[in-house]
Amino acid sequence: VAQQIGTHSALDIESFVIGNDTYLAVANTESKEAGFLVKSPVFRWSEQQRRFELIQLLNTTAANGITFFSIPKERGGGDFLAIANRWGKSGHREPSMIYRWQQQRRRFVPFQLVPTKGAYDWEFWEHQQQYFLAVANHWDEKAPDPKHPIAINSTIYR
């Protein structure tokens with residue numbers, strides 16, 4: 001074992017590099033103390049300590065998936081973390097947050113709140129110099145057919 005990191009019912013973990021630093025972000029789902037309002041940690045590798053150190057706790061609600069992605073700065077982009085929030089105060093219609101890396105503060109800040117329905121995961125890809133981000137929606141208790149709350153659409157953003 002190289003290191004133990006504190007997690008709470010973690011369902012996803014993402015490793016990524018910004019500049020010369022390596023990070024880990026964890027999607028925590030639930031804790032005994034906070035329930036589904038548990039925060040999700042971001043760790044940075046410390047070469048000096050030879051371990052990952054906690055640098056930030058992100059506000060999440062029953063986080064199920066976490067995806068890092070970059071869009072070139074000349075295309076108006078940056079470095080981002082998309083968190084799939086599965087459940088919260090809005091039931092399964094809990095929005096999910098995309099965070100943007102702010103270099104001067106060396107941390108992620110809220111960038112965009114996205115409507116989701118029981119979000120399970122995000123996926124990012126580039127195709128023919130266009131950038132896409134898709135969210136896998138899983139459940140909607142207010143779906144048009146209440147007998148089939150899983151028959152809902154997922155969304156692709158460009």
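In this predicted model, strand β10 makes the greatest contribution to the lining of the largest pocket, supplying 4 residues. The pocket itself holds about 320 Å³ of space, and of the 18 residues that line this pocket, those closest to its centre are Phe69, Ile71, Gln112, Leu133 and Arg158. Besides β10, which spans residues 130-136, the elements that give two or more residues to the lining are β5 (63-71), β7 (96-102) and β8 (107-114). By character, the lining of the largest pocket divides into 11 nonpolar, 4 polar and 3 charged residues.

From the pocket we can turn to the nonpolar interior. The largest nonpolar core has 16 residues, and the members that touch the most others are Phe16, Ile18, Val42, Leu58, Leu81, Tyr99 and Phe108. At least two residues of this core come from each of β1 (10-18), β2 (21-28), β5, β6 (78-85) and β7. Strands β5 and β7 therefore appear in two places in this account, since each gives two or more residues to the pocket lining under the way strands are assigned, and each supplies at least two residues of the core. Valine 42 shows what such a core position looks like in detail: setting aside residues up to four places away in sequence, valine 42 touches Tyr23, Leu24, Ala25, Glu53, Leu54, Ile55, Gln56, Leu58, Leu81 and Phe108. Apart from the largest core lies another core, of 13 residues, which includes Phe80, Ala84, Ile98 and Ala119.

A chain of polar contacts can be followed next, beginning at serine 40 in strand β3, which covers residues 40-46. Serine 40 counts as buried because its relative accessibility is 0%, and the threshold for that term is under 20%. The side chain of serine 40 reaches the backbone nitrogen of asparagine 28 at a distance of 3.0 Å. Leaving aside neighbours within four places in sequence, serine 40 is in contact with Val26, Ala27, Asn28, Gln56, Leu57, Leu58, Thr60 and Ala63.

Asparagine 28, the partner of serine 40 in that contact, lies in strand β2 and is likewise buried, because its relative accessible area is 1%. The side chain of asparagine 28 in turn reaches the backbone nitrogen of histidine 8 at 2.8 Å, so that the path can be traced from serine 40 through asparagine 28 to histidine 8 by pairs that lie within the 3.5 Å limit for a polar contact. Not counting residues up to four places away in sequence, asparagine 28 touches Thr7, His8, Ser9, Ala10, Val38, Lys39, Ser40, Pro41, Thr60, Ala62 and Ala63.

Serine 154 offers another example of a serine side chain paired with a backbone nitrogen, here in the loop between β10 and β11 (155-157). With a relative accessible area of 43%, serine 154 is partly exposed. A polar atom of the side chain of serine 154 lies 3.0 Å from the backbone nitrogen of asparagine 137, and although these two residues are 17 residues apart along the chain, their C-alpha atoms are separated by 4.9 Å. Once its neighbours within four places in sequence are left aside, serine 154 is in contact with Val135, Ala136 and Asn137.

Strand β11 contains tyrosine 157, which is partly exposed, with a relative accessible area of 30%. Tyrosine 157 and phenylalanine 132 are 25 residues apart in sequence, yet their C-alpha atoms are 5.5 Å apart in space. The residues that tyrosine 157 touches, not counting those up to four places away in sequence, are Val114, Pro115, Trp122, Tyr131, Phe132, Leu133 and Val135. Among these, Leu133 was met earlier as one of the residues closest to the centre of the largest pocket.

Finally, the backbone deserves a look at two loop positions. Most residues other than glycine have a negative phi. Arginine 106, which is not a glycine, nevertheless has a positive phi of about 55°; arginine 106 is found in the loop between β7 and β8 and is partly exposed, with a relative accessible area of 34%. Glutamine 129, also not a glycine, has a positive phi of about 60°. The place of glutamine 129 is in the loop between β9 (121-127) and β10, and glutamine 129 counts as exposed because its relative accessible area is 59%, where the term requires over 50%.

Note on methods: Residues numbered from 1 in each chain as written. Predicted model: local features only at pLDDT ≥ 70, side-chain atom pairs only at ≥ 80, totals over all residues. Heavy atoms only, no water. 1 Å grid on protein atoms, 1.4 Å probe; cavity = no way out; pocket = protein on both sides within 12 Å on 5 of 7 lines; lining within 4 Å. Points joined across faces, edges and corners; volume = space filled by probe spheres on them. Nonpolar A, V, L, I, M, F, W, Y, C, P; charged D, E, K, R; others polar. Core = buried A, V, L, I, M, F, W, Y, C linked by side-chain atoms within 4.5 Å. Buried < 20%, exposed > 50% of the residue type's maximum accessible area, 1.4 Å probe, protein only. Contact = heavy atoms within 4.5 Å. Polar contact = N/O pair within 3.5 Å; in protein donor to acceptor, adjacent residues only side chain to side chain.
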